[in-house]
Amino acid sequence: MPDPDGYYEELGVEETASEEEIKKAYKKLAMKWHPDRQRTEEDKEIAEERFKEITRAYDTVGDPEKREAYDRGEESGGYGGFEGYEDSFFRSFFGEDFFRPTQII
């Protein structure tokens, strides 16, 4: 089945990827693109959009039931926007320290 919304491609994994491979890919991309990790406002705006796309993809293919439906072409996944995003979801991967500003020496 083709990847209708490009969610596997978005995460950089094959359609046959395991749950662990998908989670690892998401974590790596989320760390790179999280807006709080960017230095300039312009970079934050770009990263915010990219982060939303990555999270939307993971929300679908990272959940076994949603992934199964997505793979069958029954739903195009996600939540149609970013309104459903819970900060606690991200914190569950990276912990509280992730959001603390990094001191640059």
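Contact is taken here to mean heavy atoms within 4.5 Å. In this predicted model, such contacts join the end of one helix to the helix that follows: Asp 59, Thr 60 and Val 61 in α3 meet Lys 66, Arg 67 and Tyr 70 in α4. The residues that make up this contact of α3 with α4 divide into two nonpolar, one polar and three charged. As for the geometry of the pair, the axes of helix α3, which spans residues 41-61, and helix α4, which spans residues 64-71, come within 6 Å and cross at roughly 95 degrees. That angle makes α3 roughly perpendicular to α4, because angles of 65 to 115 degrees are counted in that class.

Aromatic side chains were examined next, and the count comes to three aromatic pairs. One of these is formed by Tyr 7 and Tyr 70, whose rings are stacked, with 5.1 Å from centre to centre and 15 degrees between the planes. Since Tyr 7 lies in helix α1 (residues 7-11) and Tyr 70 in helix α4, the pair ties together parts that are 63 residues apart in sequence. Both Tyr 7 and Tyr 70 are buried. A stacked pair is also formed by Tyr 26 and Tyr 58, with 4.3 Å between the ring centres and 15 degrees between the planes. Here Tyr 26 belongs to helix α2 (residues 19-33) and Tyr 58 to helix α3, so that this pair links parts 32 residues apart in sequence. Tyr 26 has a relative accessibility of 0% and therefore counts as buried, and Tyr 58, at 10% relative accessibility, counts as buried too, the limit for this class being under 20%. In addition, Tyr 7, Tyr 8 and Tyr 70 form one aromatic cluster.

Attention then turns to the nonpolar interior. In soluble globular proteins, nonpolar side chains tend to be buried together. The largest nonpolar core of this model holds 16 residues, of which Tyr 8, Leu 11, Val 13, Ile 22, Tyr 26 and Val 61 touch the most other members. The elements that give two or more residues to this core are α1, α2 and α3. The surroundings of Leu 11 can be described in detail: when its neighbours within four places in sequence are left aside, Leu 11 is in contact with Ile 22, Ala 25, Tyr 26, Leu 29, Ile 54, Ala 57, Tyr 58 and Val 61. Among these partners of Leu 11 are Tyr 26 and Tyr 58, the residues of the stacked pair between α2 and α3, as well as Val 61, which also takes part in the contact of α3 with α4.

Conventions: Residues numbered from 1 in each chain as written. Predicted model: local features only at pLDDT ≥ 70, side-chain atom pairs only at ≥ 80, totals over all residues. Heavy atoms only, no water. Axes fitted to C-alpha atoms, helices over the stretch in contact; angles between N-to-C directions. Helix = DSSP H or I, 4+ residues; strand = E, 2+ residues; numbered from the N terminus. Parallel < 35°, antiparallel > 145°, perpendicular 65-115°, else oblique. Nonpolar A, V, L, I, M, F, W, Y, C, P; charged D, E, K, R; others polar. Phe/Tyr/Trp six-rings, centres within 6.5 Å; stacked < 30°, edge-to-face > 60°. Buried < 20%, exposed > 50% of the residue type's maximum accessible area, 1.4 Å probe, protein only. Core = buried A, V, L, I, M, F, W, Y, C linked by side-chain atoms within 4.5 Å.
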